[in-house]
Structures are given as structure tokens and as C-alpha cells.
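Please find below a colleague's note on the structure shown here. The points are numbered for ease of reply.

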Amino acid sequence: MTKLGRELASQGINVISLSVGEPDFNTPEHVKEAAKKALDENFTRYSPVPGYPDLRQAIVEKLKKENNLDYDISQIVVSTGAKQSLSNVILTLINPGDEVIIPTPYWVSYSEMVTLAEGKSVFINTEIESDFKITPAQLEAAITPNTKLFMFSSPCNPTGSVYSQDELAALAKVFEKHPNIFIISDEIYEHINFGTAHASIAQFDAIKDRVIIVNGFSKAFAMTGWRLGYIAASKEIAAANDKLQGQTTSGTCSIAQRAGIMAYEQGLDSVNEMKEAFARRRQLVYDLLQDIPGVKTNLPEGAFYFFPEISSFFGKKDANGNVIKDSADLALYLLNVGHVATVGGDSFGNNNYIRLSYAASDDSLREALRRIKEALGKLV
Ligand code: PLP
């Protein structure tokens with residue numbers, strides 16, 4: 001959709017993009033300065049495969065200070081974004097035929113990565129009524145003798161849902177009974193969280209060794225282009241990821257790593273500023289969505305997405321008589337008629353929804369929601 005939106009924009013059409021998953025803020029100045037300094041100091045050579053020791057130490061300290069979790073630097077592997085971290089973990093853990101449980105809706109790449117590793121994705125469906133969260137009973141029912149891994153994000157892309165401390169404790173109890181299952185906890189949206197404080201499932205000692213935390217700098221520090229992410233895991237899993245990465249990408253960009261140290265050293269002021277803007281926009285979009293007949297939404301607790309239910313428009317026709325059959329059709333219609341780029345929920349495993357990113361200015365959001373309302377109102 002982003003690509004199609006750009007094509008329309010290149011024809012001179014004013015397209016508002018609510019389809020991309022990145023903050024619309026610039027990387028904080030102090031982080032950029034650290035990168036410039038790194039260049040001047042000639043941090044331009046190959047870096048250690050799992051990352052510079054002082055960056056890994058800064059990550060260890062962050063995990064202690066912000067999450068009250070104890071790790072040693074031998075348990076941290078830095079890579080080219082959380083995406084590569086996820087891919088590394090899946091490739092090291094999954095053998096052909098292994099089952100990976102993924103709650104839907106999920107971030108698009110999860111199931112594709114499992115397919116690349118010749119594993120089998122097993123989906124647990126969730127809907128807006130349960131705030132898109134799974135229950136321990138649903139988890140238990142999805143487990144088979146072939147289950148090797150469970151993976152989820154909290155705060156979640158695409159729904160913005162956040163698992164509470166109690167909800168995580170209940171899921172951890174299930175994993176306690178199944179000692180062969182690993183858990184990927186994707187915490188990349190940790191700091192963009194408006195509800196209860198972020199909690200990590202790695203806090204439960206009985207399962208901590210099997211939890212792989214995936215995190216990074218893209219979302220919290222508006223550093224999507226820098227490509228900097230990491231895992232915190234058991235020493236064995238960290239060593240396996242190090243080995244794999246050593247034969248694929250090697251250590252990630254030296255300059256980005258020096259900038260990452262600065263981001264963690266300087267703390268969360270810039271993140272909090274960004275969060276304030278996101279909180280305001282979240283309320284704005286929520287109010288505007290409530291005002292569109294046929295659209296059902298919840299108020300997401302984290303990330304910067306809404307995932308409204310739009311199936312009431314299926315079966316309706318546009319001005320040319322074309323029938324809207326599914327979420328992809330609706331997203332295409334909104335782009336062509338409303339000139340707003342969104343993403344159909346089918347990309348995230350739930351066809352009855354669309355994803356809207358509110359990483360855009362207040363004015364753009366107001367105008368985008370006006371256009372969406374108008375375009376949906378024309379369907380008959
Ligand atoms: N995990 C989730 C849930 C995401 O939404 C994204 C990016 O959109 C990533 C991981 C990847 O982040 P990175 O830019 O660090 O590779």
C-alpha cells in the first residue's frame with residue numbers, strides 16, 4: 001500500500017499515508033551527534049559480531065534499570081534491527097516441521113520467517129472483543145508435542161494491545177507446564193505505551209531461560225533507518241545467534257552502535273516527548289473513528305496503530321459497481337477514492353480489519369479521517 005500510495009503521489013495526487021510503521025519524528029540530536037563523533041573517531045571498521053561490549057553493557061544496564069531484569073553481556077546479541085534478531089532466533093531454533101504458535105493479528109513478518117525456516121505457523125485467532133489478547137486456555141489448546149516456539153509482541157503491532165502483568169503471569173503458568181517451548185517476546189514498542197506499565201514475560205524466573213527478548217532502537221528513538229536491534233536470551237541461544245550472524249551479516253553498522261550507546265545513556269526524555277504527541281493523536285483518531293458509521297474500534301493501549309473492524313462494508317459497491325470483498329479491497333478503495341493509504345488486516349492474519357498508523361501530524365490525521373468517512377459513506 002505504501003508503494004501504491006507513492007505511485008499516486010508521484011502523479012501529483014495528495015495522498016495521506018497511514019500505512020507505515022515508523023515514528024514521524026527525527027532521531028534525537030544527541031544521538032545524531034554521537035554518530036558524527038563516531039565517524040570522526042574512526043569507528044568505521046568491522047565490529048564484533050554480537051556488538052561492541054560497551055553497547056551490550058548499556059543494554060544490560062537498561063534491562064536492569066527499566067525492566068528489573070538481570071542479564072550478563074554474554075546474553076546480549078546486537079543485530080541489524082529487531083527484524084534480524086527475530087529472524088536469527090527463528091533460524092537457530094526452528095527445524096523443519098516444528099510448530100510456532102502465533103496469536104493473530106500478528107506482525108506480517110512473523111509467519112513468513114517461520115516459513116523460511118520450514119516451520120509451521122499455528123495461529124490463535126483473537127478479535128476486538130477480547131482486546132486482541134489470547135487467554136491461557138487458548139494457548140493450552142494450541143500446544144502440541146511439536147510446538148517449539150511461541151511468539152508475540154506487546155505492545156502489539158498491529159493492534160496496539162498490551163498484556164498486563166497478570167495476563168503475562170497466567171500465560172507464564174502455561175509455559176511452566178511445557179518445558180520444551182521457547183518464547184519470543186517482541187518488546188520493540190515497549191516505550192510507546194499509554195496504559196499499565198510495560199511488563200516483560202521474562203520476569204518469571206521459572207521460564208526466563210526460555211524467553212528471548214527482542215528489542216531495538218527503531219521505534220523508541222525514531223531510528224528506523226539506523227538498523228539496530230538486539231536479543232537478550234540464555235547464553236546458549238545468544239551463542240547460537242552469534243554463530244549464525246557471524247556467517248551472514250557480521251556485526252551491525254559500527255556508527256549506529258555508537259549512536260545506540262548514547263541513546264541509552266541519555267535516557268528517555270526524547271521518547272517521552274514523542275509519547276506525548278502519540279497520546280494526543282491516539283485520542284484524536286479514536287474520537288474521529290467513533291464518528292464513522294460501520295467502523296468498530298477499541299482504544300489501543302500502546303504502539304501507534306488502530307485496528308478497527310470494517311467487515312460491515314464487505315458486499316457493498318463503489319461508484320463503478322465493484323464489490324468490496326475483503327480488507328485488501330477496502331484498503332485499495334480508500335487509497336483510490338479517499339487518497340488515504342492504510343493496510344488491509346489480511347496482511348496481519350485478520351481479514352475483518354484495517355490498520356491505521358497514527359504516526360502522522362494532527363492535521364494530516366484529521367484530514368485523513370475526514371476522507372475515510374466520506375469515502376466509506378459513498379459505498380452502497
Ligand atoms: N517487531 C515489530 C512488532 C515491528 O512492528 C517491527 C517494525 O515494524 C519490528 C519488529 C522490526 O523493527 P526493526 O526496525 O528494529 O527491525
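The points that follow concern the domains, selected strands, the ligand shell and some backbone details.

1. Status and domain division. The model is a predicted one. Its protein chain is divided into domain 1, made of residues 2-21 and 270-377, and domain 2, residues 42-266. Taken over C-alpha atoms, the centres of domain 1 and domain 2 are separated by 28 Å.

2. Contact between the domains. On one side, 25 residues of domain 1 take part, and they are in contact with 24 residues of domain 2. Which elements give two or more residues to the side of domain 1 that touches domain 2? They are helix 10 (269-290) and strand 9 (305-306). Helix 10 supplies the largest share of that side, namely seven residues. By residue class, the side of domain 1 that touches domain 2 comprises eleven nonpolar, eight polar and six charged residues.

3. Strand 12 and its partners. Strand 9, already named for its part in the domain contact, pairs with strand 12 in the antiparallel sense over two bridges. Within this pairing, Phe 306 is set opposite Leu 356 of strand 12. Strand 11 (residues 343-344) also pairs with strand 12, again antiparallel and over two bridges; here Val 343 has Arg 355 as its bridge partner. Strand 12 itself (residues 354-357) is covered on both faces. Ile 354 and Leu 356 are buried on one side, and Arg 355 and Ser 357 are buried on the other. The charged residue Arg 355 may merit the reader's attention, as it is listed among the buried positions.

4. Strand 2 and strand 8. Strand 2 (residues 76-79) likewise has both faces covered. Ile 76 and Val 78 lie on one side, Val 77 and Ser 79 on the other, and all are buried. In a regular strand, side chains alternate between the two faces of the sheet. Strand 2 pairs with strand 8 (residues 229-232) in the antiparallel sense over four bridges, and Ile 76 stands opposite Ala 232.

5. Ligand shell. How many residues are found around the ligand? There are 13, of which Gly 81, Ala 82, Lys 83, Gly 216 and Ser 218 come nearest. The shell divides into three nonpolar, eight polar and two charged residues.

6. Cis peptide bonds. Two peptide bonds that precede proline deserve inspection. The bond from Ser 154 to Pro 155 is cis, with omega near -10°, and the bond joining Asn 157 and Pro 158 is also cis, with omega about 25°. Pro 155 lies in the loop between strand 5 (147-153) and helix 7 (165-176), and Pro 158 is found in the loop between strand 5 and helix 7 as well.

7. Positive phi angles. Most residues other than glycine have a negative phi, and most peptide bonds are trans. Arg 227, although not a glycine, has a positive phi of about 60°. This residue is found in the loop between strand 7 (211-216) and strand 8. Is Arg 227 buried or exposed? Arg 227 counts as partly exposed because 19 C-beta neighbours lie inside 10 Å, whereas 20 or more would make a residue buried. Ser 250 also has a positive phi, of about 65°, without being a glycine. Ser 250 is located in the loop between helix 8 (235-246) and helix 9 (254-266). With 13 other C-beta atoms within 10 Å, Ser 250 is partly exposed; the exposed class would require 12 or fewer.

Conventions
Residues numbered from 1 in each chain as written. Predicted model: local features only at pLDDT ≥ 70, side-chain atom pairs only at ≥ 80, totals over all residues. Near = placed C-beta within 6 Å. Nonpolar A, V, L, I, M, F, W, Y, C, P; charged D, E, K, R; others polar. Pairing = 2+ DSSP bridges. Domains from an automatic or database assignment. Contact = placed C-beta atoms within 7 Å.
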